[in-house]
Amino acid sequence: MQMALIGVVFALIIAIGLAVVRTFKVPVLNQLAMLFISFFRGTPLLVQLFLLYYGLPRVFPILIHMDAFTASVIGLTLHFAAYKAESIRAAIMAVDKSQMEAALSIGMTTSQAMRRIVLPQAARIATPSLMNYFIDMIKSTSLAQQAVLRYGYHLNVSRKLPVSVHSRIGSNPSLLLSLNLTLTQMHEIVI
């Protein structure tokens, strides 16, 4: 639950930023936002989690010390930010244009009109879909926990992290067997 709560807050912040950029079609940022949204909506969450936890540390060695919980939260946040951004953008577009025109005609700036007039109405429209994404995020934490937190221990050798054998193995023979896997077998598990 903690993973979902942290993820939903950061995903909402990122999603609002992406939705505003997409709504106002900011020249360079709009293309970057479209690329971000299409990548995270177009690839499965499991692939994103594996890329974030196992792939990025190979490209950026400073990330090798990122723990599995942090990687899972970041993966869930980015994945659901893309979905929420499109819901928020659709909700903003659903607010009648005359609302913005009326706010501008009484002397409000565009940012004031968005903050005081459009976004409160868009929040009412977007709330059902955002709640659905929150429920989906709660369900997806089990995937993140199984994929990264649980099996991440078995593949720590491929991330070149120290493995505490005595504290993790105990009397579980399946863990002993998994530690005897060769690196090629571990590579097949990831793929």
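**A greasy patch and a charged trio**

Let's start on the outside: Phe-24, Val-26, Val-28, Leu-29, Leu-32 and Leu-35 together make a nonpolar surface patch of about 560 Å². Keep in mind as you look that this is a predicted model. Helix H2, which covers residues 27-42, gives the patch its largest share, with four residues. Leu-29 is a good one to click on, and you will find this residue in helix H2. With a relative accessible area of 45%, Leu-29 counts as partly exposed, because that label applies between the 20% limit for buried and the 50% limit for exposed.

Now turn to two other helices. H1 (residues 2-24) packs with H4 (residues 68-94) at an angle of about 40°, and their axes are 6 Å apart. The two helices are therefore oblique to each other, and H1 passes H4 in a right-handed crossing.

Next come the charges. Searching the whole structure turns up two salt bridges. In one of them, Arg-22 pairs with Glu-86, and the closest N and O atoms are 3.6 Å apart. This pair links distant parts of the chain, since Arg-22 sits in helix H1 and Glu-86 in helix H4, 64 residues apart. Both Arg-22 and Glu-86 are buried.

Glu-86 also forms a salt bridge with Arg-89, where the closest N and O atoms are 3.0 Å apart. These partners are three residues apart in helix H4, so about one helical turn separates them. Is each partner buried or partly exposed? Arg-89 is partly exposed, at 23% relative accessible area, while Glu-86 is buried, at 14%. Put together, Arg-22, Glu-86 and Arg-89 form a linked network of salt bridges.

Methods:
Residues are numbered from 1 along each chain as its sequence is written. This is a predicted model: local features need pLDDT of at least 70, side-chain atom pairs count only at pLDDT 80 or more; totals for chains, interfaces and linings use all residues. Side-chain values use heavy atoms; hydrogens and water are left out. Patches are made of residues with over 30% relative accessible area and no salt bridge: like charges are joined within 9 Å, nonpolar side chains (Val, Leu, Ile, Met, Phe, Trp, Tyr) within 5 Å. Accessible areas come from the Shrake-Rupley method with a 1.4 Å probe; for residues, only the protein chains shown count as cover. A salt bridge is a side-chain nitrogen of Lys or Arg within 4 Å of a carboxyl oxygen of Asp or Glu. Buried means under 20% relative accessible area, exposed over 50%, partly exposed in between (1.4 Å probe, protein chains only). Axes are lines fitted to C-alpha atoms, for helices over the stretch in contact, and angles run from 0 to 180 degrees between N-to-C directions. Angles under 35 degrees count as roughly parallel, over 145 as roughly antiparallel, 65 to 115 as roughly perpendicular and the rest as oblique. A crossing is left-handed if the near helix is turned anticlockwise from the far one by less than a right angle, and right-handed if clockwise.
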